[in-house]
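Hi,

Here is the model I promised to pass on. Could you open it next to these notes and have a look?

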Amino acid sequence: MNRTISLFSKMMILIVLILAPVILLFVISNKISVSVLQEEVQGEKLNQLSYFGTQMDAQVEQIRNNASMLLKDPDVQEFATSQYFPMYFDYAKAVHRLEEKIFLQISAGRWQSEVSLFFPGVSRVISTVGRVEFSMGELKEQFDYKWRYRQMNIRGREDYQFVSYLADPFSEKPDVKSALAVVQVSFSSSHMKRMLEAFGRELKGEPFLYYPQYGAVTDHEAVSPIIPKVIQALSITEDKAKEYNRVIKLDNIRYLVSVRKLQSMDAYLIHYVPFEEIVSPMKHFQNLFYIAIVLLLVLGLFAVFMLYRNVQRPLKQLIKGLQHIKRRDFAVRIRKQRNDEFGFVIDQFNQMAEETQELIEKVYTGELHLREATLKQLQSQINPHFLYNCLYYIKNKAGIGEKDAVIAMALSLGEYFRYTTRTETQTCTLEEEIGFVMHYLRIQDLRMQRFQIENSVPLEMYHLQIPRLILQPFIENAIIHGIERKSGEGMIRITGQVEGQVNRIVIEDSGAGMSSQEIDRIHRNLQSVLDETMGCGIWNVYQRMLLQFGSETELVYEQSSLGGVKVVLEWKVAVSYQEAVSE
């Protein structure tokens, strides 16, 4: 089916076509700008990090060089080779001279450091931190010229220090036993933390040091929970580059991370900052553009709204009214709110609907009278022939003296005709209809005495209101066209089902059954106009159910598992109607 595009939709498409290129151009421009800005900022961040790392390396190398120069000092060399001092005064004087040189060396740098000289040959120690004891085993494990990070007692106070060892003479593979002198040099981690704090003030973000063996060192007491995630995302130990940038995503937030390796300490200087903070200068321009886009959209939407209010809404009201007419709801009326051309069209529509409704009501009333007459005609057709058979049965049983059979037939026949001759109302409860059907089956069972009856209709369905005489035609067909045409014991089963608002009655028999062609013919007849070639009983039932319950009523014939025919009668009852009946 071809669908035309409304005027309102065309206007919306036009606005989209106008704004789409502008927005697309901005998106591309913004993407390029952000990319260029990102590259510039990454380069700047890496340069600043490199400068800061160079300063750190310089300070650490100065401390190491001072310690190396101390080992080469003649007084240190003389003290290391002196096996014996003739007088204690000479020993004290030599120690005092070495202490002055040590303090002179540590005072030459910007960072305060601590130095301890150990002379393995004479087992003597001179230190700036007080009494220090050296273990040859510990020196063997740590004697590799690398900086280590550990907690030390400095003048009675615990502090985290960066510690390294140097030996004289120097060797690529140092041996403590062959060394004349060993120097332990250390400096407090607070120096690193102050530099990190200063670097953090100059730049946005968080700088920290990372040692693969010891973890992260920051300018805060507690390590931020983001830092371990940054280290894990970077895989630092696998990356051989000395310095680089990388953008990573953590917890749905992008971060720009800069890394520089500190050669002097075998550590990594890392700085991370949220990527959105880097591109924040673009936000102002973006906001201005967004405001312009929003204003343009608002103006466009206002124009479309005026078009919708003055053209589209009246058209939709007319279309909605025509759809009601198409569904045969001729009581629909459109409220007139204007006096322009649409107001005139609405007046004409209301007038047309009113005249059509009057005409339909006249035809509908006539159709009701016709269907009531058809029902009464059906009753009159059934009664004489059925009455003749029953009276003939009573005559025969009375002749052979079976008084109980005569009484049972007379009672059931009386109930049957009392129900069929009621014309004051055309509806009844399902309980009354089933009671009538059971009387009819009792009459037929007295005559034939070769079928069983099974009633499984739930009690919750008994209160439902239905047209009268809708089940008896199906039962009669099951007996005449099914049970009687097949020898042996027969079965008629009546069941009921409720699924939400849908109610269903199923009638099955074990009779001769029907072919697929016969079932298809019945279905076609139910959708056709009644004529002389088809029976009026089933057609009448279907039409009366349609009249009361609407187009969702279904009447389906199928082949039954019992061997005969299965009839399914299904209709839908509104919730409000069911609740009212229940109350």
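**Salt bridges first**

With a relative accessibility of 13%, arginine 260 counts as buried (that label means under 20% relative accessible area, exposed means over 50% and partly exposed is in between, using a 1.4 Å probe and protein chains only). Before you go further: this is a predicted model, where local features need pLDDT of at least 70 and side-chain atom pairs count only at pLDDT 80 or more, while totals for chains, interfaces and linings use all residues. Residues are numbered from 1 along each chain as its sequence is written, and side-chain values use heavy atoms, with hydrogens and water left out.

So what does arginine 260 pair with? Its side chain meets that of glutamate 243 in a salt bridge, at 3.9 Å from N to O (the criterion is a side-chain nitrogen of Lys or Arg within 4 Å of a carboxyl oxygen of Asp or Glu). Glutamate 243 sits in strand β8 (residues 243–250) and arginine 260 in strand β9 (residues 253–262), so this pair ties together parts that are 17 residues apart in sequence. (Strands here are DSSP runs of E of at least two residues, helices are runs of H or I of at least four, and both are numbered from the N terminus.) Unlike its buried partner, glutamate 243 counts as partly exposed, at 36% relative accessibility. The pair also belongs to a network of salt bridges that links Asp57, Glu243 and Arg260.

In total the structure holds 13 salt bridges, and two others are worth a click. Arginine 493 and glutamate 508 meet through their side chains at 3.8 Å, N to O. Here arginine 493 is in strand β14 (residues 490–499) and glutamate 508 in strand β15 (residues 502–509), so parts 15 residues apart in sequence are tied together. Glutamate 508 is buried, at 7% relative accessible area, whereas arginine 493 comes out as partly exposed at 22%. The other one joins the side chains of glutamate 402 and lysine 397, at 3.3 Å from N to O. Lysine 397 counts as buried at 17% relative accessibility, and glutamate 402 as partly exposed at 34%.

**Helices around α11**

Now turn to α11 (residues 430–448), which packs against two helices that I looked at, α12 and α10.

With α12 (residues 472–483), the axes come within 10 Å and cross at roughly 20°. (Axes are lines fitted to C-alpha atoms, for helices over the stretch in contact, and angles run from 0 to 180 degrees between N-to-C directions.) The two are therefore roughly parallel to each other; the classes are under 35 degrees for roughly parallel, over 145 for roughly antiparallel, 65 to 115 for roughly perpendicular, and oblique for the rest. The crossing is right-handed, meaning that the near helix is turned clockwise from the far one by less than a right angle, with anticlockwise giving left-handed. On the α11 side the contact (heavy atoms within 4.5 Å) uses Glu433, Phe436, Val437, Tyr440, Leu441, Gln444 and Met448, and on the α12 side Gln472, Ile475, Glu476, Ile479 and Ile483. These residues split into 8 nonpolar, 2 polar and 2 charged (nonpolar is Ala, Val, Leu, Ile, Met, Phe, Trp, Tyr, Cys and Pro; charged is Asp, Glu, Lys and Arg; polar is the others, Gly among them).

With α10 (residues 403–420), the axes are 9 Å apart and the angle is about 140°. That makes α10 and α11 oblique to each other, and their crossing is left-handed. Among the residues in this contact are Met409, Leu413, Tyr416 and Tyr419 of α10, and Phe436, Tyr440, Ile443 and Leu446 of α11. The full set divides into 9 nonpolar, 3 polar and 5 charged.

**Loops to look at**

Most residues other than glycine have a negative phi. Asparagine 252 has a positive value, near 65°; this residue is found in the loop between β8 and β9 and is exposed, at 72% relative accessible area. Leucine 469 also has a positive phi, about 60°. Its place is the loop between β13 (465–467) and α12, where leucine 469 counts as buried at 10% relative accessibility.

Last stop: is threonine 218 buried or exposed? Threonine 218 is buried, at 3% relative accessible area, in the loop between β7 (215–217) and α6 (226–234). Leaving aside residues up to four places away in sequence, threonine 218 touches Lys193, Leu196, Glu206, Phe208 and Ile227.

Cheers
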